[in-house]
Amino acid sequence: MDIDKILHSYGKTLKDYPPMPLATEVDSSLLTERVIREEINFNKDDSNKNVSDMLAITTPEQRYAFDKIIIAVYCDEWGFFFVYGHGSTGKIFLWNLMSAEIHLRGDIVLNVASSGIASLLLPNGRMAHSGFKIPLNITEDSVCNIKPGSPQAMLLLKAKLIIWDEAPMVSKYCYEALDKCLGDIMRCSPIYSKDLPFGEKVVVLGRDFRQILSVIP
Ligand SMILES: Nc1ncnc2c1ncn2[C@@H]1O[C@H](COP(=O)(O)OP(=O)(O)OP(=O)(O)O)[C@@H](O)[C@H]1O
């Protein structure tokens with residue numbers, strides 16, 4: 001059961017590894033509840049302290065980006081941003097600040113990064129390929145392996161903000177796969193508009209173009 005629980009947090013189940021004996025069948029609504037609980041299980045006092053401590057020392061640029069994105073999340077309910085900054089200019093600091101603000105309000109923020117190392121620096125960080133079930137051999141027609149109604153789909157539906165660090169490190173087809181997936185999932189939402197990217201979710205991509213490999217296929 002414990003192994004199954006860990007696998008579920010990465011969007012897999014024991015069924016994906018045929019030689020492994022299966023655990024007792026778990027109700028999908030319980031799984032959804034557990035996946036969502038893990039994303040909102042933050043101590044509000046800690047989040048409150050983090051937000052006030054960090055806001056007290058933000059640079060004007062970080063504050064500008066923070067205000068714009070939080071307004072998009074809670075007022076406009078849509079927005080697509082790219083935060084560009086040289087190395088050590090405080091992008092991860094900004095992701096942490098925004099995540100603490102959203103956790104403080106009891107909402108969900110999904111933090112992913114294109115590389116495993118970068119994902120370790122984010123609150124509840126995952127690799128983008130794992131979090132969004134993006135195929136490894138990506139093509140123009142690829143889609144995320146997330147079925148509408150599944151726990152991962154419900155998590156995406158409920159997420160207020162998606163932060164994707166080291167975004168330029170992967171093929172554009174990865175974002176297009178997420179765009180198609182969110183479009184399918186958000187279609188049932190009353191605020192859905194087919195003209196807006198990412199199913200009208202607020203999405204922030206970020207990184208430094210100087211730090212990407214020189215050739216991206
Ligand atoms: N406003 C700030 N006040 C004090 N320290 C800060 C501030 N912003 C960032 N820092 C600190 O500066 C260091 C670099 O910041 P951070 O890792 O967020 O930068 P980055 O742009 O993500 O870097 P890289 O692109 O190299 O990963 C960290 O130790 C971070 O805590």
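**Exercise 1. Find the polar contacts between the ligand and Phe-93, Gly-90 and Arg-207 in this predicted model.**

Solution.
- Start at Phe-93: a polar backbone atom of this residue is 2.9 Å from an oxygen atom of the ligand. A polar contact is a pair of N or O atoms within 3.5 Å; within protein, one must be able to donate a hydrogen and the other to accept it, and residues adjacent in sequence count only if both atoms are side-chain atoms.
- Go to Gly-90. Here a polar backbone atom is 3.0 Å from a ligand oxygen.
- Finish with Arg-207. A polar side-chain atom of this residue lies 3.0 Å from an oxygen atom of the ligand.
- Now take the cover: the ligand has 630 Å² of accessible area on its own, and the protein covers 61% of this. Accessible areas come from the Shrake-Rupley method with a 1.4 Å probe; for residues, only the protein chains shown count as cover.

Ground rules: the model is predicted, local features need pLDDT of at least 70, side-chain atom pairs count only at pLDDT 80 or more, and totals for chains, interfaces and linings use all residues. Residues are numbered from 1 along each chain as its sequence is written, and side-chain values use heavy atoms, with hydrogens and water left out.

**Exercise 2. Describe the shell around the ligand.**

Solution.
- There are 14 residues around the ligand. A residue is near a molecule or strand if one of its heavy atoms lies within 4 Å of it.
- Ile-57, Gln-62, Ser-88, Lys-91 and Phe-93 come nearest.
- Helix α5 (residues 91–104) gives the most to this shell, with 3 residues. Helices (H or I, at least four residues) and strands (E, at least two) are DSSP runs, numbered from the N terminus.

**Exercise 3. Work out the strand order and the edges of the sheet.**

Solution.
- Read the order: 5 strands form an open sheet, β1-β5-β4-β2-β3, with parallel pairing.
- Look at the ends. β1 (79–84) and β3 (126–127) are the edges; each has a single partner strand, so one side of each is left without a neighbour in the sheet. Two strands pair if DSSP finds at least two bridges between them.
- Follow β1. It runs parallel to β5 (residues 202–207), joined by 6 bridges. Phe-80 has Val-203 in β5 as its bridge partner.
- Add the helix: α4 (residues 60–76) lies across β1, β4 and β5, at about 165° to β1. Contact means heavy atoms within 4.5 Å. Axes are lines fitted to C-alpha atoms, for helices over the stretch in contact, and angles run from 0 to 180 degrees between N-to-C directions.

**Exercise 4. Is strand β2 buried or exposed, and what does it pair with?**

Solution.
- Count first. In β2 (residues 108–113), 6 of the 6 residues are buried, so the strand is largely enclosed by the rest of the structure. Buried means under 20% relative accessible area, exposed over 50%, partly exposed in between (1.4 Å probe, protein chains only).
- Split by direction: Ile-108, Leu-110 and Val-112 point one way, Val-109, Asn-111 and Ala-113 the other.
- Pair with β4: 6 bridges, parallel. Val-109 stands opposite Leu-161 in β4.
- Pair with β3: 2 bridges, parallel. Ala-113 has Met-127 as its bridge partner there.

**Exercise 5. Examine the loop between β4 and α9.**

Solution.
- Glu-166 lies in this loop. Its phi is near 55°, a positive value in a residue other than glycine.
- Glu-166 is buried, with a relative accessible area of 13%.
- Ser-171 is in the loop between β4 (159–165) and α9 (172–186). Ser-171 counts as buried at 12% relative accessibility.
- The Ser-171 side chain reaches the backbone nitrogen of Tyr-173 at 3.0 Å.
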